[in-house]
Protein chains: 2
Amino acid sequence: MPANPQVPEPTIIRLSAYLRALRRLEADEAERASSATIAERAGVSPEQVRKDLSYFGEFGRAGLGYGVPELRRHLARLLRADRELRVVVLGVGRLGAALLGYRGFAERGFRIVGAFDADPEKVGMRLGPHVIMDVQHLPYVVVELGAEIGILALPPEAAQQGTDLLVAAGLRAILSFAPTPITVPAGVTVRHMDMTRELEVLAYYLPE
Amino acid sequence: MPANPQVPEPTIIRLSAYLRALRRLEADEAERASSATIAERAGVSPEQVRKDLSYFGEFGRAGLGYGVPELRRHLARLLRADRELRVVVLGVGRLGAALLGYRGFAERGFRIVGAFDADPEKVGMRLGPHVIMDVQHLPYVVVELGAEIGILALPPEAAQQGTDLLVAAGLRAILSFAPTPITVPAGVTVRHMDMTRELEVLAYYLPE
DNA sequence: GTTTGTGAATGAGTTCACAGCA
DNA sequence: TGCTGTGAACTCATTCACAAAC
């Protein structure tokens with residue numbers, strides 16, 4: 001499923017943190033940064049930074065560190081953060097509606113180009129700049145507006161069906177907020193966000 | 001930091017999925033379930049289920065599988081899902097406000113007992129059943145209402161300071177939505193939810 | 001002196017495979 | 001026969017440690 005299977009997935013996750021660190025360094029007008037500097041801001045070890053970056057090339061110079069704008073550009077390219085990525089949201093309940101209003105998307109280059117629901121009551125409703133569309137228009141919007149990522153915000157009972165719709169519409173990347181496993185064909189990447197799971201994990205580690 | 005350091009963290013995360021699977025099985029009135037049944041509903045392998053459960057005891061019977069209500073109770077106890085857990089939210093911007101309205105909390109035994117912000121404009125505002133309080137009342141609420149988990153919904157610049165407030169108030173578990181690493185003293189557990197990170201990871205795996 | 005890139009060593013977690021119980 | 005519990009084998013990821021580059 002990964003584009004480059006020999007790169008560990010944890011590395012990809014950290015890349016996102018490195019990119020953030022480099023943006024801050026660039027904002028502070030730093031020209032160069034050592035792996036130690038980046039590591040500190042990303043919350044990992046310097047060796048980890050070097051090892052992770054080494055999967056993609058030799059970006060640094062011994063004794064000098066990494067060129068901040070250059071490395072920032074490389075990482076942005078890897079994470080597709082150098083271009084706008086279009087996103088559709090399937091499921092406009094409370095959670096989906098909250099996501100539609102989330103400003104962090106635009107700031108980081110993600111643009112919501114469609115919000116969908118199967119409930120006829122909701123179709124046609126306006127939510128900020130978005131008009132809720134019927135799911136049957138999903139494939140059209142994906143193709144015509146070039147959406148590449150689907151956000152699944154449906155209740156667990158509807159999660160698999162919704163997933164199938166996203167996949168049938170041509171999406172190859174799904175961020176699911178449904179607290180249930182979903183199955184997808186090879187070539188489709190899924191990631192889960194599950195607040196209840198996180199709270200339960202925290203609860204486990206609670207003292208007493 | 002873990003309560004039981006020899007149990008792998010991925011195991012704890014899966015425990016949450018097993019608990020969900022068992023609740024569904026219980027709702028379906030299943031009396032027994034094999035590791036294969038649980039595994040399927042949790043999206044993992046049967047061996048994984050058995051190994052994970054074996055860290056906590058011998059709950060199954062060879063040839064018969066696991067007793068559904070019994071195992072459900074065991075897992076609920078482990079994840080503290082057998083009692084109400086009180087939660088405070090620090091930061092009532094868009095995201096924090098959305099979290100205050102999230103119904104999944106109550107359903108799973110989490111109760112928001114306080115919403116806090118440092119902005120005097122926001123203090124005193126009502127949001128559903130919640131009245132935003134000033135951060136200076138945080139320690140009081142944590143102690144008096146027995147809050148055990150803090151949700152951090154502040155912008156990255158304020159994240160560390162907010163973390164320090166939560167820790168100083170006596171909280172030992174933090175769920176952070178801030179896209180930046182935070183440092184906490186030993187004995188405090190932190191987990192992160194970062195939607196932008198997840199989207200960037202998905203973007204990496206996008207074809208072409 | 002500083003800092004990178006990377007093989008080698010270590011550590012962590014998963015899967016295998018099977019003995020033993022129901 | 002069906003299924004658990006678990007050491008052993010294996011796979012995956014991180015950390016170490018150092019030669020080479022600046």
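Which polar backbone atom is 2.5 Å from a phosphate oxygen of DNA strand C? That atom belongs to Ser35(A). What you're looking at is a predicted model, where local features need pLDDT of at least 70, side-chain atom pairs count only at pLDDT 80 or more, and totals for chains, interfaces and linings use all residues. Residues are numbered from 1 along each chain as its sequence is written, chains are lettered from A and ligands numbered from 1 in the order in which they are written, and side-chain values use heavy atoms, with hydrogens and water left out.

**DNA strand C**

- DNA strand C has 24 residues around it, and Ser35(A), Arg50(A), Tyr66(A), Arg14(B) and Ala62(B) are the closest (near here is a heavy atom within 4 Å of the strand).
- Of the strand C atoms that come within 4 Å of the protein, sugar and phosphate make up 66%.
- Arg14(B) has a side-chain N or O atom 2.7 Å from a phosphate oxygen of strand C, while Ala62(B) puts a backbone N or O atom 2.9 Å from a sugar or linking oxygen.
- Elements giving two or more residues to this surface are α3, β2 (60–61) and β3 (65–67) of chain A, plus α1 and α3 of chain B (helices are DSSP H or I runs of at least four residues, strands E runs of at least two, numbered from the N terminus).
- α3(B) gives the most, with 4 residues.
- By class, you get 8 nonpolar, 8 polar and 8 charged residues (nonpolar is Ala, Val, Leu, Ile, Met, Phe, Trp, Tyr, Cys and Pro; charged is Asp, Glu, Lys and Arg; the others, Gly among them, are polar).

**DNA strand D**

- DNA strand D is surrounded by 25 residues, with Arg14(A), Ser35(B), Arg50(B), Gly60(B) and Tyr66(B) nearest.
- Sugar and phosphate account for 65% of the strand D atoms within 4 Å of the protein.
- Phosphate oxygens of strand D lie 3.5 Å from a polar side-chain atom of Gln48(A) and 3.2 Å from a side-chain N or O atom of Glu58(B).
- Gly63(B) has a polar backbone atom 3.2 Å from a sugar or linking oxygen of strand D.
- The largest share of this surface, 4 residues, comes from α3(A).
- The class split near strand D is 8 nonpolar, 8 polar and 9 charged.

**Chain A against chain B**

- 59 residues of chain B are in contact with 59 of chain A (contact means heavy atoms within 4.5 Å).
- About 5700 Å² is buried between the two chains, 67% of it from carbon and sulfur atoms (that's accessible area, 1.4 Å probe, lost on putting the two parts together and summed over both).
- Glu200(B), Tyr204(B) and Tyr205(B) supply 15% of what chain B buries against chain A, more than any other three residues.
- There are 8 salt bridges between the chains (a Lys or Arg side-chain nitrogen within 4 Å of an Asp or Glu carboxyl oxygen).
- One of these joins Asp194(A) and Arg20(B), with the closest N and O atoms 2.5 Å apart.
- On the side of chain B that touches chain A, α9(B) gives the most, at 11 residues.

**The sheet in chain A**

- Chain A has an open, mixed sheet of 7 strands in the order β6-β7-β5-β4-β8-β9-β10 (strands pair if DSSP finds at least two bridges between them).
- β6 (126–127) and β10 (189–192) of chain A are at the edges with a single partner strand each, so one side of each has no neighbour in the sheet.
- β4 (residues 85–90) and β5 (residues 110–117) of chain A run parallel, joined by 6 bridges.
- Arg86(A) stands opposite Arg111(A) in β5(A).

Key. A polar contact is a pair of N or O atoms within 3.5 Å; within protein, one must be able to donate a hydrogen and the other to accept it, and residues adjacent in sequence count only if both atoms are side-chain atoms.
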